[in-house]
Amino acid sequence: MVLLDWDGKVSEFKKKIQSIMPGEPSNLMCDTKHLPPEHSDVVIVGGGVVGLSVAFWLKKLEKRQGAIRVLVVERDHTYSKASTGLSVGGIRQQFSLPQNVQLSLFSVDFLRNINEYLAVVDGPPLDLQFNPLGYLLLASEKGAAVLETNVKMQRQEGAKISLMSPEQLQKKFPWINTEGVALASYGLENEGWFDPWSLLQGLRRKVQSMGVLFCEGEVTRFITSSNSMRNSDGEEVNLKRIHEVHVKMDNSLEYQPVECAIVVNAAGAWSGQLAELAGIGKGPPGTLEGTKLPVEPRKRFVYLWHCPQGPGLETPLVTDTSGVYFRREGLSNNYVGGRSPTEEEEPDPADLEVDHDFFQNKVWPHLAQRVPAFEALKVHSAWAGYYDYNTFDQNGVVGPHPLVVNMYFASGFSGHGLQHAPGVGRAVAEVLLGGCFQTIDMTPFLFSRFYLEEKVLEQNII
(Lines give C-alpha, C1' and ligand atoms only; values in the text may rest on other atoms or scores of the structure.)
Protein backbone atom coordinates (compact mmCIF):
# COMPACT_ATOMS: atom_id res chain seq x y z
CA MET A 1 0.00 0.00 0.00
CA VAL A 2 1.22 3.49 -0.74
CA LEU A 3 -0.13 6.35 1.33
CA LEU A 4 -0.21 9.82 -0.11
CA ASP A 5 -0.13 13.27 1.35
CA TRP A 6 -3.76 14.43 1.07
CA ASP A 7 -4.10 18.02 2.18
CA GLY A 8 -7.77 18.65 1.65
CA LYS A 9 -7.28 20.83 -1.43
CA VAL A 10 -9.68 18.76 -3.49
CA SER A 11 -12.55 19.07 -1.00
CA GLU A 12 -11.90 22.80 -0.67
CA PHE A 13 -12.03 23.13 -4.41
CA LYS A 14 -15.28 21.19 -4.64
CA LYS A 15 -16.90 23.54 -2.12
CA LYS A 16 -15.69 26.47 -4.18
CA ILE A 17 -17.20 25.01 -7.35
CA GLN A 18 -20.47 24.21 -5.62
CA SER A 19 -20.75 27.84 -4.47
CA ILE A 20 -20.22 29.05 -8.02
CA MET A 21 -22.18 26.44 -9.95
CA PRO A 22 -24.90 24.94 -7.77
CA GLY A 23 -26.99 21.97 -8.82
CA GLU A 24 -26.34 18.72 -10.60
CA PRO A 25 -24.76 18.52 -14.08
CA SER A 26 -27.29 18.56 -16.90
CA ASN A 27 -27.56 16.01 -19.67
CA LEU A 28 -24.19 16.18 -21.42
CA MET A 29 -24.94 14.28 -24.62
CA CYS A 30 -24.14 17.46 -26.50
CA ASP A 31 -21.80 18.87 -29.12
CA THR A 32 -18.32 18.07 -27.86
CA LYS A 33 -16.89 21.11 -29.64
CA HIS A 34 -18.38 23.43 -27.02
CA LEU A 35 -15.90 25.27 -24.84
CA PRO A 36 -14.75 23.37 -21.76
CA PRO A 37 -16.05 24.51 -18.38
CA GLU A 38 -14.14 27.15 -16.44
CA HIS A 39 -13.85 24.77 -13.48
CA SER A 40 -13.45 21.00 -13.11
CA ASP A 41 -12.39 18.89 -10.14
CA VAL A 42 -10.48 16.51 -12.40
CA VAL A 43 -9.11 17.13 -15.90
CA ILE A 44 -8.20 13.93 -17.76
CA VAL A 45 -5.92 14.60 -20.72
CA GLY A 46 -6.49 11.83 -23.27
CA GLY A 47 -9.84 10.37 -24.27
CA GLY A 48 -8.75 6.87 -25.30
CA VAL A 49 -9.77 3.77 -23.36
CA VAL A 50 -7.33 4.44 -20.51
CA GLY A 51 -8.52 8.01 -19.94
CA LEU A 52 -12.17 6.97 -20.29
CA SER A 53 -11.64 4.13 -17.83
CA VAL A 54 -10.24 6.58 -15.27
CA ALA A 55 -13.32 8.78 -15.80
CA PHE A 56 -15.64 5.78 -15.43
CA TRP A 57 -14.11 4.59 -12.15
CA LEU A 58 -13.98 8.09 -10.68
CA LYS A 59 -17.71 8.42 -11.23
CA LYS A 60 -18.47 4.85 -10.15
CA LEU A 61 -16.49 5.15 -6.91
CA GLU A 62 -17.55 8.68 -5.94
CA LYS A 63 -19.39 8.65 -2.62
CA ARG A 64 -22.27 10.80 -3.83
CA GLN A 65 -23.61 10.96 -7.37
CA GLY A 66 -22.45 14.15 -9.06
CA ALA A 67 -19.90 14.91 -6.32
CA ILE A 68 -16.91 14.97 -8.68
CA ARG A 69 -16.86 17.08 -11.84
CA VAL A 70 -14.73 15.36 -14.48
CA LEU A 71 -13.57 16.80 -17.81
CA VAL A 72 -11.96 14.67 -20.54
CA VAL A 73 -9.84 16.60 -23.05
CA GLU A 74 -9.20 14.77 -26.32
CA ARG A 75 -7.59 16.51 -29.28
CA ASP A 76 -9.10 14.23 -31.93
CA HIS A 77 -12.65 13.01 -31.42
CA THR A 78 -12.48 11.01 -34.64
CA TYR A 79 -9.77 8.91 -32.94
CA SER A 80 -8.15 8.49 -36.36
CA LYS A 81 -4.64 8.24 -34.88
CA ALA A 82 -5.59 6.89 -31.46
CA SER A 83 -3.80 3.72 -30.36
CA THR A 84 -7.12 2.17 -29.26
CA GLY A 85 -8.73 1.90 -32.68
CA LEU A 86 -5.51 0.79 -34.39
CA SER A 87 -4.82 -2.04 -31.94
CA VAL A 88 -5.22 -5.75 -32.73
CA GLY A 89 -7.34 -6.00 -29.56
CA GLY A 90 -5.59 -8.84 -27.75
CA ILE A 91 -6.03 -9.79 -24.09
CA ARG A 92 -3.84 -12.31 -22.27
CA GLN A 93 -2.67 -13.38 -18.85
CA GLN A 94 0.71 -14.50 -20.17
CA PHE A 95 2.88 -11.74 -18.70
CA SER A 96 6.06 -11.96 -16.62
CA LEU A 97 4.90 -9.65 -13.79
CA PRO A 98 2.20 -10.59 -11.24
CA GLN A 99 0.60 -7.12 -11.41
CA ASN A 100 0.11 -7.44 -15.18
CA VAL A 101 -1.46 -10.89 -14.75
CA GLN A 102 -3.79 -9.49 -12.07
CA LEU A 103 -4.75 -6.56 -14.31
CA SER A 104 -5.54 -8.97 -17.15
CA LEU A 105 -7.66 -11.22 -14.96
CA PHE A 106 -9.72 -8.26 -13.80
CA SER A 107 -9.98 -6.87 -17.34
CA VAL A 108 -11.27 -10.10 -18.82
CA ASP A 109 -13.95 -10.25 -16.12
CA PHE A 110 -14.84 -6.63 -16.96
CA LEU A 111 -15.06 -7.45 -20.68
CA ARG A 112 -17.08 -10.64 -20.19
CA ASN A 113 -19.58 -8.72 -18.02
CA ILE A 114 -19.36 -5.53 -20.04
CA ASN A 115 -23.07 -4.75 -19.94
CA GLU A 116 -23.17 -4.97 -16.16
CA TYR A 117 -20.59 -2.18 -16.10
CA LEU A 118 -21.37 -0.07 -19.17
CA ALA A 119 -25.10 -0.52 -19.83
CA VAL A 120 -26.97 2.75 -20.46
CA VAL A 121 -30.72 3.18 -19.94
CA ASP A 122 -32.55 2.69 -23.26
CA GLY A 123 -29.24 2.04 -25.03
CA PRO A 124 -28.52 -1.13 -27.04
CA PRO A 125 -26.31 -3.76 -25.31
CA LEU A 126 -22.61 -3.77 -26.13
CA ASP A 127 -21.12 -6.62 -28.12
CA LEU A 128 -17.31 -6.63 -27.93
CA GLN A 129 -17.09 -9.66 -30.28
CA PHE A 130 -14.77 -11.46 -27.87
CA ASN A 131 -12.93 -14.38 -29.46
CA PRO A 132 -11.72 -16.60 -26.57
CA LEU A 133 -9.19 -18.60 -28.60
CA GLY A 134 -6.19 -17.98 -26.36
CA TYR A 135 -2.59 -16.94 -26.85
CA LEU A 136 0.06 -19.43 -27.93
CA LEU A 137 3.61 -18.37 -27.01
CA LEU A 138 6.48 -20.30 -28.57
CA ALA A 139 9.91 -20.45 -26.92
CA SER A 140 13.27 -21.61 -28.22
CA GLU A 141 15.72 -23.61 -26.12
CA LYS A 142 17.17 -20.30 -24.92
CA GLY A 143 13.78 -18.94 -23.77
CA ALA A 144 12.22 -22.15 -22.41
CA ALA A 145 13.30 -21.72 -18.77
CA VAL A 146 11.94 -18.17 -18.60
CA LEU A 147 8.65 -19.28 -20.20
CA GLU A 148 8.31 -22.09 -17.64
CA THR A 149 9.01 -19.70 -14.74
CA ASN A 150 6.46 -17.21 -16.07
CA VAL A 151 3.77 -19.88 -16.41
CA LYS A 152 4.35 -21.04 -12.83
CA MET A 153 3.74 -17.48 -11.59
CA GLN A 154 0.73 -17.00 -13.91
CA ARG A 155 -0.88 -20.17 -12.51
CA GLN A 156 -0.24 -18.97 -8.95
CA GLU A 157 -2.15 -15.80 -9.81
CA GLY A 158 -5.11 -17.85 -11.06
CA ALA A 159 -4.50 -17.97 -14.82
CA LYS A 160 -5.26 -21.20 -16.69
CA ILE A 161 -2.14 -21.75 -18.80
CA SER A 162 -0.94 -25.03 -20.31
CA LEU A 163 2.70 -25.91 -21.08
CA MET A 164 3.19 -27.96 -24.24
CA SER A 165 6.12 -29.91 -25.59
CA PRO A 166 6.87 -29.73 -29.34
CA GLU A 167 5.12 -33.10 -29.75
CA GLN A 168 1.98 -31.91 -27.92
CA LEU A 169 2.08 -28.68 -29.91
CA GLN A 170 2.24 -30.56 -33.21
CA LYS A 171 -0.66 -32.79 -32.19
CA LYS A 172 -2.95 -29.90 -31.19
CA PHE A 173 -1.93 -27.53 -33.99
CA PRO A 174 -0.78 -29.73 -36.92
CA TRP A 175 -0.31 -26.66 -39.15
CA ILE A 176 2.67 -25.50 -37.04
CA ASN A 177 6.23 -26.34 -37.96
CA THR A 178 7.82 -27.00 -34.54
CA GLU A 179 11.42 -26.65 -35.71
CA GLY A 180 13.32 -24.49 -33.20
CA VAL A 181 10.52 -24.69 -30.60
CA ALA A 182 11.53 -26.19 -27.24
CA LEU A 183 8.40 -25.28 -25.26
CA ALA A 184 5.05 -23.55 -25.75
CA SER A 185 2.48 -22.00 -23.40
CA TYR A 186 -1.20 -21.86 -24.29
CA GLY A 187 -4.00 -19.92 -22.59
CA LEU A 188 -6.86 -22.30 -21.92
CA GLU A 189 -9.41 -19.63 -21.00
CA ASN A 190 -9.92 -15.86 -20.70
CA GLU A 191 -7.48 -15.04 -23.49
CA GLY A 192 -8.10 -13.98 -27.06
CA TRP A 193 -9.12 -10.74 -28.73
CA PHE A 194 -12.02 -8.30 -28.95
CA ASP A 195 -13.18 -5.20 -30.82
CA PRO A 196 -11.34 -2.16 -29.35
CA TRP A 197 -13.62 0.35 -31.07
CA SER A 198 -16.72 -1.12 -29.38
CA LEU A 199 -15.05 -0.80 -25.96
CA LEU A 200 -14.06 2.80 -26.67
CA GLN A 201 -17.56 3.77 -27.78
CA GLY A 202 -19.16 1.88 -24.88
CA LEU A 203 -16.99 3.66 -22.31
CA ARG A 204 -17.59 7.02 -23.91
CA ARG A 205 -21.36 6.53 -23.96
CA LYS A 206 -21.38 5.36 -20.35
CA VAL A 207 -19.27 8.17 -18.87
CA GLN A 208 -21.34 10.78 -20.70
CA SER A 209 -24.44 9.27 -19.08
CA MET A 210 -22.65 9.56 -15.71
CA GLY A 211 -22.10 13.30 -16.18
CA VAL A 212 -18.56 13.44 -17.53
CA LEU A 213 -17.84 16.46 -19.73
CA PHE A 214 -15.94 16.20 -23.02
CA CYS A 215 -13.90 18.79 -24.87
CA GLU A 216 -12.11 18.57 -28.20
CA GLY A 217 -8.91 20.52 -27.83
CA GLU A 218 -5.24 20.37 -26.97
CA VAL A 219 -3.64 21.16 -23.63
CA THR A 220 -0.98 23.79 -24.32
CA ARG A 221 -0.04 25.05 -20.86
CA PHE A 222 -0.27 24.44 -17.13
CA ILE A 223 -0.40 27.26 -14.59
CA THR A 224 1.37 26.11 -11.43
CA SER A 225 2.45 27.34 -8.02
CA SER A 226 5.62 26.24 -6.20
CA ASN A 227 6.42 25.55 -2.58
CA SER A 228 9.91 24.72 -1.30
CA MET A 229 10.44 22.25 1.54
CA ARG A 230 13.15 19.96 2.89
CA ASN A 231 12.99 16.19 2.59
CA SER A 232 14.07 13.66 5.23
CA ASP A 233 17.70 14.00 4.10
CA GLY A 234 17.60 17.75 4.61
CA GLU A 235 17.67 18.48 0.87
CA GLU A 236 15.49 21.26 -0.47
CA VAL A 237 12.82 20.10 -2.90
CA ASN A 238 10.43 22.17 -4.93
CA LEU A 239 6.80 20.95 -4.85
CA LYS A 240 4.51 22.14 -7.62
CA ARG A 241 0.74 22.18 -7.92
CA ILE A 242 -1.25 22.69 -11.13
CA HIS A 243 -4.05 25.21 -10.69
CA GLU A 244 -5.12 25.79 -14.28
CA VAL A 245 -5.06 23.91 -17.57
CA HIS A 246 -5.10 25.88 -20.82
CA VAL A 247 -7.05 24.10 -23.57
CA LYS A 248 -6.58 25.33 -27.13
CA MET A 249 -9.67 24.73 -29.21
CA ASP A 250 -9.47 23.32 -32.73
CA ASN A 251 -9.18 25.92 -35.53
CA SER A 252 -8.72 28.70 -33.00
CA LEU A 253 -5.89 30.81 -31.64
CA GLU A 254 -7.79 31.17 -28.38
CA TYR A 255 -7.42 28.97 -25.33
CA GLN A 256 -9.85 28.28 -22.53
CA PRO A 257 -8.44 28.23 -18.97
CA VAL A 258 -9.87 25.44 -16.81
CA GLU A 259 -9.30 25.72 -13.07
CA CYS A 260 -8.81 22.27 -11.55
CA ALA A 261 -7.69 20.28 -8.51
CA ILE A 262 -6.33 17.16 -10.26
CA VAL A 263 -4.82 16.43 -13.69
CA VAL A 264 -4.64 12.86 -15.01
CA ASN A 265 -2.04 12.32 -17.71
CA ALA A 266 -3.57 9.64 -19.94
CA ALA A 267 -2.16 11.10 -23.15
CA GLY A 268 -0.75 7.78 -24.35
CA ALA A 269 2.17 8.11 -26.75
CA TRP A 270 2.28 11.85 -26.06
CA SER A 271 2.21 11.61 -22.26
CA GLY A 272 5.95 12.29 -22.06
CA GLN A 273 5.46 15.59 -23.89
CA LEU A 274 2.54 16.49 -21.62
CA ALA A 275 4.64 15.78 -18.51
CA GLU A 276 7.37 18.05 -19.86
CA LEU A 277 4.77 20.77 -20.32
CA ALA A 278 4.13 20.54 -16.56
CA GLY A 279 7.84 21.02 -15.88
CA ILE A 280 8.55 17.35 -15.17
CA GLY A 281 12.17 16.52 -16.00
CA LYS A 282 13.24 20.16 -16.30
CA GLY A 283 15.50 20.12 -13.20
CA PRO A 284 19.23 19.28 -12.91
CA PRO A 285 20.22 15.85 -14.31
CA GLY A 286 20.40 13.09 -11.72
CA THR A 287 17.81 14.71 -9.45
CA LEU A 288 14.16 13.87 -8.94
CA GLU A 289 13.28 17.24 -10.48
CA GLY A 290 15.38 16.35 -13.51
CA THR A 291 13.81 12.90 -14.01
CA LYS A 292 11.72 12.75 -17.18
CA LEU A 293 8.69 10.59 -17.90
CA PRO A 294 10.41 8.17 -20.34
CA VAL A 295 7.40 7.61 -22.61
CA GLU A 296 7.53 8.29 -26.34
CA PRO A 297 5.56 7.32 -29.46
CA ARG A 298 6.78 4.18 -31.23
CA LYS A 299 5.24 3.24 -34.57
CA ARG A 300 4.03 -0.33 -35.07
CA PHE A 301 2.80 -1.87 -38.32
CA VAL A 302 -0.13 -4.29 -38.58
CA TYR A 303 -0.68 -6.29 -41.77
CA LEU A 304 -3.81 -8.10 -42.93
CA TRP A 305 -3.42 -11.02 -45.32
CA HIS A 306 -5.56 -13.69 -46.97
CA CYS A 307 -4.59 -17.36 -47.03
CA PRO A 308 -7.25 -19.94 -48.09
CA GLN A 309 -5.16 -22.88 -46.84
CA GLY A 310 -4.23 -21.15 -43.58
CA PRO A 311 -4.58 -22.53 -40.04
CA GLY A 312 -8.36 -22.04 -39.88
CA LEU A 313 -11.03 -21.03 -37.38
CA GLU A 314 -9.40 -22.46 -34.24
CA THR A 315 -6.24 -20.38 -34.64
CA PRO A 316 -5.13 -18.69 -31.38
CA LEU A 317 -3.02 -15.54 -31.28
CA VAL A 318 0.43 -16.98 -31.92
CA THR A 319 3.72 -15.33 -30.98
CA ASP A 320 6.74 -16.93 -32.61
CA THR A 321 10.27 -17.33 -31.23
CA SER A 322 11.26 -14.62 -33.74
CA GLY A 323 8.85 -12.07 -32.23
CA VAL A 324 6.41 -12.30 -35.14
CA TYR A 325 2.75 -12.65 -34.11
CA PHE A 326 -0.51 -13.37 -35.93
CA ARG A 327 -4.14 -14.23 -35.29
CA ARG A 328 -7.25 -15.02 -37.27
CA GLU A 329 -9.37 -12.07 -38.42
CA GLY A 330 -13.01 -12.86 -39.12
CA LEU A 331 -14.29 -16.01 -40.79
CA SER A 332 -12.94 -15.69 -44.33
CA ASN A 333 -9.38 -17.03 -44.11
CA ASN A 334 -7.95 -13.64 -43.20
CA TYR A 335 -5.21 -13.05 -40.63
CA VAL A 336 -3.57 -10.04 -39.02
CA GLY A 337 -0.10 -9.82 -37.57
CA GLY A 338 3.26 -8.12 -37.47
CA ARG A 339 6.39 -7.79 -35.40
CA SER A 340 7.95 -5.21 -33.11
CA PRO A 341 11.12 -3.85 -34.71
CA THR A 342 14.52 -3.94 -33.03
CA GLU A 343 15.98 -0.66 -31.73
CA GLU A 344 17.98 -0.37 -34.96
CA GLU A 345 14.84 -0.93 -37.07
CA GLU A 346 12.60 1.57 -35.25
CA PRO A 347 10.65 3.57 -37.87
CA ASP A 348 10.20 7.34 -37.76
CA PRO A 349 7.07 8.03 -35.69
CA ALA A 350 6.42 11.39 -37.38
CA ASP A 351 3.59 9.86 -39.45
CA LEU A 352 1.57 6.65 -39.75
CA GLU A 353 2.84 5.59 -43.17
CA VAL A 354 3.26 1.82 -43.53
CA ASP A 355 6.55 0.20 -44.53
CA HIS A 356 5.52 -2.71 -46.77
CA ASP A 357 9.12 -3.85 -47.17
CA PHE A 358 9.20 -4.52 -43.43
CA PHE A 359 6.58 -7.23 -43.92
CA GLN A 360 8.36 -8.70 -46.93
CA ASN A 361 11.78 -8.81 -45.28
CA LYS A 362 11.18 -9.08 -41.53
CA VAL A 363 7.74 -10.67 -41.04
CA TRP A 364 6.78 -12.94 -43.92
CA PRO A 365 9.91 -15.18 -43.86
CA HIS A 366 9.22 -16.07 -40.21
CA LEU A 367 5.50 -16.60 -40.86
CA ALA A 368 6.23 -18.96 -43.76
CA GLN A 369 8.83 -20.85 -41.74
CA ARG A 370 6.48 -21.39 -38.78
CA VAL A 371 3.29 -21.99 -40.79
CA PRO A 372 4.21 -23.47 -44.22
CA ALA A 373 0.72 -22.60 -45.56
CA PHE A 374 1.61 -18.91 -45.22
CA GLU A 375 4.07 -19.31 -48.12
CA ALA A 376 1.06 -18.57 -50.33
CA LEU A 377 -0.46 -15.65 -48.40
CA LYS A 378 -1.47 -12.38 -50.06
CA VAL A 379 -1.36 -9.11 -48.15
CA HIS A 380 -4.64 -7.20 -48.57
CA SER A 381 -4.08 -4.13 -46.40
CA ALA A 382 -1.96 -2.66 -43.63
CA TRP A 383 -1.99 0.16 -41.11
CA ALA A 384 0.21 1.67 -38.42
CA GLY A 385 -0.50 2.74 -34.86
CA TYR A 386 1.40 4.06 -31.86
CA TYR A 387 2.67 2.35 -28.73
CA ASP A 388 3.05 4.63 -25.72
CA TYR A 389 6.48 3.14 -25.28
CA ASN A 390 8.20 3.30 -21.89
CA THR A 391 11.89 3.25 -22.82
CA PHE A 392 12.91 2.51 -19.21
CA ASP A 393 11.22 -0.85 -18.60
CA GLN A 394 8.28 -1.20 -21.04
CA ASN A 395 5.74 -1.00 -18.23
CA GLY A 396 2.95 1.32 -17.21
CA VAL A 397 3.27 4.41 -15.02
CA VAL A 398 0.38 4.63 -12.56
CA GLY A 399 -0.26 7.08 -9.72
CA PRO A 400 0.87 10.56 -8.65
CA HIS A 401 4.06 12.43 -9.47
CA PRO A 402 6.18 12.95 -6.33
CA LEU A 403 6.83 16.66 -6.98
CA VAL A 404 4.00 17.86 -9.25
CA VAL A 405 1.70 16.62 -6.54
CA ASN A 406 -1.65 16.79 -8.33
CA MET A 407 -0.62 15.20 -11.66
CA TYR A 408 -1.48 11.51 -11.84
CA PHE A 409 -0.22 9.14 -14.52
CA ALA A 410 -1.94 6.39 -16.49
CA SER A 411 0.41 5.82 -19.41
CA GLY A 412 3.51 4.07 -20.76
CA PHE A 413 1.97 0.62 -21.19
CA SER A 414 4.05 -0.17 -24.27
CA GLY A 415 1.34 -2.05 -26.16
CA HIS A 416 -0.83 -3.52 -23.37
CA GLY A 417 -2.73 -0.37 -22.35
CA LEU A 418 -5.95 -1.39 -24.12
CA GLN A 419 -6.27 -4.75 -22.36
CA HIS A 420 -5.31 -3.32 -18.95
CA ALA A 421 -7.41 -0.16 -19.18
CA PRO A 422 -10.27 -1.38 -16.90
CA GLY A 423 -7.88 -2.26 -14.07
CA VAL A 424 -5.63 0.77 -14.53
CA GLY A 425 -8.60 3.15 -14.47
CA ARG A 426 -9.79 1.57 -11.23
CA ALA A 427 -6.29 1.81 -9.68
CA VAL A 428 -5.92 5.51 -10.53
CA ALA A 429 -9.40 6.28 -9.16
CA GLU A 430 -8.62 4.38 -5.96
CA VAL A 431 -5.40 6.24 -5.26
CA LEU A 432 -6.91 9.58 -6.25
CA LEU A 433 -10.02 9.22 -4.09
CA GLY A 434 -8.67 7.17 -1.21
CA GLY A 435 -4.94 7.87 -1.09
CA CYS A 436 -3.84 4.27 -1.73
CA PHE A 437 -4.13 1.33 -4.13
CA GLN A 438 -6.80 -1.00 -2.81
CA THR A 439 -7.51 -3.91 -5.16
CA ILE A 440 -4.20 -4.40 -7.02
CA ASP A 441 -0.99 -3.05 -5.48
CA MET A 442 0.47 -0.92 -8.28
CA THR A 443 3.25 0.55 -6.11
CA PRO A 444 6.02 -0.87 -8.36
CA PHE A 445 4.54 1.19 -11.24
CA LEU A 446 4.97 4.57 -9.50
CA PHE A 447 6.97 7.33 -11.20
CA SER A 448 9.66 7.33 -8.49
CA ARG A 449 11.20 4.13 -9.93
CA PHE A 450 12.73 6.16 -12.77
CA TYR A 451 14.70 8.32 -10.32
CA LEU A 452 15.61 5.31 -8.14
CA GLU A 453 16.56 3.33 -11.28
CA GLU A 454 14.45 0.37 -10.16
CA LYS A 455 13.29 -1.34 -13.33
CA VAL A 456 10.07 -3.36 -13.30
CA LEU A 457 10.76 -5.22 -16.52
CA GLU A 458 7.95 -6.87 -18.44
CA GLN A 459 9.57 -9.50 -20.62
CA ASN A 460 6.47 -10.48 -22.61
CA ILE A 461 6.12 -7.44 -24.90
CA ILE A 462 4.54 -8.34 -28.24
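**Exercise 1. The surroundings of Ser185**

Identify the side chain with which the side chain of Ser185 makes a polar contact in this predicted model, and determine whether Ser185 is buried or exposed.

*Solution.*
Step 1. The side chain of Ser185 makes a polar contact with that of Gln94, at 2.4 Å.
Step 2. Ser185 belongs to strand S6, which covers residues 183–187.
Step 3. The relative accessibility of Ser185 is 0%. Buried means under 20%, so Ser185 is classed as buried.
Step 4. Leaving aside residues up to four places away in sequence, Ser185 touches Gln94, Tyr135, Leu136, Leu137, Leu147, Val151, Ile161, Ser162 and Leu163.

**Exercise 2. The packing of helices H2 and H7**

Describe how helix H2 packs with helix H7, giving the angle, the handedness and the residues in contact.

*Solution.*
Step 1. Helix H2 spans residues 49–61 and helix H7 spans residues 196–209. Their axes lie 9 Å apart, at an angle of about 30°.
Step 2. Angles under 35 degrees count as roughly parallel; H2 is therefore roughly parallel to H7.
Step 3. The two helices, H2 and H7, cross in a left-handed sense.
Step 4. On the H2 side, the contact is made by Val49, Leu52, Ser53, Ala55 and Phe56. On the H7 side, Leu199, Leu200, Leu203, Arg204, Lys206 and Val207 take part.
Step 5. Sorted by class, the contact of H2 with H7 comprises eight nonpolar residues, one polar residue and two charged residues.

**Exercise 3. Positive phi at Gln129 and Asn333**

For Gln129 and Asn333, state the value of phi, the location in the chain and the exposure.

*Solution.*
Step 1. Gln129 is not a glycine, yet its phi is positive, at about 55°.
Step 2. Gln129 sits in the loop between helix H4 (114–118) and strand S4 (135–139).
Step 3. With a relative accessible area of 48%, Gln129 is partly exposed.
Step 4. Asn333, also a residue other than glycine, has a positive phi near 60°.
Step 5. The loop between strand S13 (324–329) and strand S14 (334–339) contains Asn333.
Step 6. Asn333 has a relative accessible area of 31% and is partly exposed.

**Exercise 4. Gly66 after helix H2**

Locate Gly66, classify its exposure and give the separation of its C-alpha atom from that of Val54.

*Solution.*
Step 1. Gly66 is placed in the loop between H2 and strand S2 (70–74).
Step 2. The relative accessibility of Gly66 is 23%, so Gly66 counts as partly exposed.
Step 3. Gly66 and Val54 are twelve residues apart along the chain, and their C-alpha atoms are separated by 16 Å.

Notes
Residues numbered from 1 in each chain as written. Predicted model: local features only at pLDDT ≥ 70, side-chain atom pairs only at ≥ 80, totals over all residues. Heavy atoms only, no water. Helix = DSSP H or I, 4+ residues; strand = E, 2+ residues; numbered from the N terminus. Buried < 20%, exposed > 50% of the residue type's maximum accessible area, 1.4 Å probe, protein only. Polar contact = N/O pair within 3.5 Å; in protein donor to acceptor, adjacent residues only side chain to side chain. Contact = heavy atoms within 4.5 Å. Axes fitted to C-alpha atoms, helices over the stretch in contact; angles between N-to-C directions. Parallel < 35°, antiparallel > 145°, perpendicular 65-115°, else oblique. Left-handed = near helix turned anticlockwise from the far one by under 90°. Nonpolar A, V, L, I, M, F, W, Y, C, P; charged D, E, K, R; others polar.
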